[in-house]
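Open the model in your viewer and keep the sequence panel visible. Each stop below gives a selection to make and then says what is there.

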Amino acid sequence: MHALNKDFASTHQFPEELVPPRINNHPIKILQFGEGNFLRGFVDWMVDRMNRKNLFQGRVKVIQPIDRGLVDLINDQDGLYTLYLRGLEQGETREEKEVIASLAGGLNPYADFEAFLAEADNPDLRFVVSNTTEAGIAYSADDGAEDAPPASFPAKVLRLLRRRYESFSGDAGKGLVFLPCELIDRNGDNLKRIVLRLAGEWGFDAAFRRWIEEENIFCNTLVDRIVTGYPFDKIDEYMAELGYADKLVDTGELFHLWVIEGPKELREELPLTEAGLNVVWTDDMTPYRTRKVRILNGAHTMTVMAAYLAGLDTVDECLKDATMAAYLRIGIFEEIIPTMDMEREELVSFAEAVLERFANPFIKHYLLSISLNSVSKFKARVLPTLKDSIERTGEVPAVLSFALASLISFYRGTGIHNGALIGTRNGETYKIIDNADVLEFFHATWGAYDGSDEAAEKLVRAVLGNEQLWGEDLNSQKGLTEAVLTHLAAIRSRGMAAAVGSLCGQEVAS
């Protein structure tokens, strides 16, 4: 079978339902740290959309952030790859298939560091995007000014900026715009802070540091799209359908959102919205981050442990199950949304899109995978909403407090083995993954439980009172201890599925 590349694409008759590549020789305007599934299914797809509409006319050069990666495969295929986007829209299944042609190949700085630095000499270069994992934007004292390359992403950025500064003699018009996609709060601010710190520690002159500060733009961004990547389980079927071999096939959901906190004039330079993409330019991304964390991430965290213990395994099963679907809707629309200050219509629209995304039949999002480190997730994603709800209404929200009782139930284990606490569901074991001190606390606390009401109350008070978990004593939240204890009693006596059903006004057999 022929491999996908530009020569092949120029003569191949692509399937009718597949949008063929629009191959071009546009200048490289974007440098991209990261060659993985997410950026190819998100940023590079967006650039391709802009180019197809003659709005941007630029390409992306990929930089491999670590010594092993996909750059060789990208170059073998001349930057071309097939992207499948699939999901539900207003209840209807829809699928998009296209060959993306926005990549101008890639570089491995570990194999040719000078070639990497030479990218800074390109007068057309304007933007830098990245997805180097949450740990990528981090300071490292081990990096040095002469390393070729330095190990960390911020240090590579600094070397790139130094070369550009020297190549263009400090020209104010040759600064770059950074659009980091790493999933950390204030990602642009953090990247800028570390780069400037390294510039000072490495002894670079004040004029260069001032050029970094004043002539480069570090935007904070928020990205949202599930990109499921290479379809290992169906690749033979896909190859037969496509009629060619593609080692970079990427898959993802239809939904996408990119919130960019940056100067208004960048909208014209990067015409994403004009290309019909769901991109929000704003001077304050805080409300959008809060919306995502509380509704999308919060809905995941408030549901996964209850749903798993009720016998479900994936997120889409939660939407197919009438009881869990009701639980989700009550939690989102009656408890989470009323605590937020954005326009209710906008919040409701976002929430309905979230539920449709959860129901996507093409994505198998396993509850146990989402359950990793649930204590810290609950603290960040659910607890602020729960506390705000109590403060605003004077009452304890039923679903969010039930979610806390579900967490306590989920973290009951028989022992710790290979870094995991071993729980039991319907006679089968499952692994509870979290920090060692969290697992040891729950193991010891549940170990003192003898099944009595007194022991249950002691258990709940111990969990809620652990300030190492929550940063405060949650027993001080009016009515919360009693509500969690009541929910835990229902779970203990009737089982999780029946307890959720009772909570949502639906009877489920115990």
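Begin by selecting D44, which counts as buried because its relative accessibility is 0%, and buried means under 20%. The model is a predicted one. D44 belongs to helix α3. Show the residues around D44: leaving out those up to four places away in sequence, D44 touches Q32, L39, V60, Y81, I100, S102 and L103. Now add V71, which is 27 residues from D44 along the chain; the C-alpha atoms of D44 and V71 are 15 Å apart.

**Stop 2: a loop after α3**

Select Q57, in the loop between α3 (43-52) and β2 (59-63). Is Q57 buried, exposed or partly exposed? Its relative accessibility is 41%, so Q57 counts as partly exposed. Check the backbone as well: Q57 is not a glycine, yet its phi is positive, near 55°.

**Stop 3: a cis peptide bond**

Go to P149, in the loop between β6 (127-130) and α6 (153-167). Display the backbone between A148 and P149. The peptide bond that joins these two residues is cis, with omega at about 5°.

**Stop 4: α11 and α13**

Select helix α11 (residues 286-309) together with helix α13 (residues 322-336); their axes come within 10 Å and cross at roughly 140°. That angle makes α11 oblique to α13, because angles over 145 degrees would be needed to count as roughly antiparallel. The crossing of α11 past α13 is right-handed.

Show the side chains where the two helices meet. From α11 come R294, I295, A299, M302, T303, A306 and A307, and from α13 come M324, Y327, L328, G331, I332 and I336. By class, the residues of this contact between α11 and α13 are 10 nonpolar, two polar and one charged.

**Stop 5: α11 and α14**

Keep α11 selected and replace α13 with helix α14 (residues 344-358). The axes of α11 and α14 come within 11 Å and cross at roughly 40°. This crossing makes α11 oblique to α14. Here too the term is right-handed for the way α11 passes α14.

On the α11 side, the contact is made by Y288, R291, K292, I295, L296, A299 and H300. On the α14 side, select E346, L347, F350, A351, V354, R357 and F358. The contact of α11 with α14 divides into nine nonpolar, one polar and four charged residues.

**Stop 6: the nonpolar cores**

Which residues of the largest nonpolar core touch the most other members? Out of 80 residues in this core, they are I295, M302, Y327, I332, Y411, F442 and W470. Helix α11 gives the most to this core, with 11 residues.

Center the view on W470. Apart from neighbours within four places in sequence, W470 is in contact with V375, F378, K379, L383, L404, L407, V463 and L464. There is also a second, separate core of 38 residues, which includes L85, C219, V227 and L272.

**Stop 7: an exposed loop residue**

Move to N418, in the loop between β13 (416-417) and β14 (420-425). N418 counts as exposed because its relative accessibility is 85%, and exposed means over 50%. Although N418 is not a glycine, its phi is positive, about 50°.

**Stop 8: α23**

Finish with helix α23 (residues 496-503), where M496, A498, A499, V500 and G501 are buried. Which helices do the buried residues of α23 pack against? They pack against α11, α13, α18 (398-410) and α22 (480-494).

Within α23, pick out A499. With a relative accessibility of 4%, A499 counts as buried. Not counting residues up to four places away in sequence, A499 touches F402, A490 and I491. For a distance to draw in the viewer, add R49, which is 450 residues from A499 along the chain; the C-alpha atoms of A499 and R49 are separated by 48 Å.

The last selection is G505, just after α23, which takes a positive phi of about 75°.

Terms used
Residues are numbered from 1 along each chain as its sequence is written. This is a predicted model: local features need pLDDT of at least 70, side-chain atom pairs count only at pLDDT 80 or more; totals for chains, interfaces and linings use all residues. Side-chain values use heavy atoms; hydrogens and water are left out. Axes are lines fitted to C-alpha atoms, for helices over the stretch in contact, and angles run from 0 to 180 degrees between N-to-C directions. Helices (H or I, at least four residues) and strands (E, at least two) are DSSP runs, numbered from the N terminus. Angles under 35 degrees count as roughly parallel, over 145 as roughly antiparallel, 65 to 115 as roughly perpendicular and the rest as oblique. A crossing is left-handed if the near helix is turned anticlockwise from the far one by less than a right angle, and right-handed if clockwise. Contact means heavy atoms within 4.5 Å. Ala, Val, Leu, Ile, Met, Phe, Trp, Tyr, Cys and Pro count as nonpolar, Asp, Glu, Lys and Arg as charged, and the others, Gly among them, as polar. A nonpolar core is a set of buried Ala, Val, Leu, Ile, Met, Phe, Trp, Tyr and Cys residues joined through side-chain atoms within 4.5 Å. Buried means under 20% relative accessible area, exposed over 50%, partly exposed in between (1.4 Å probe, protein chains only).
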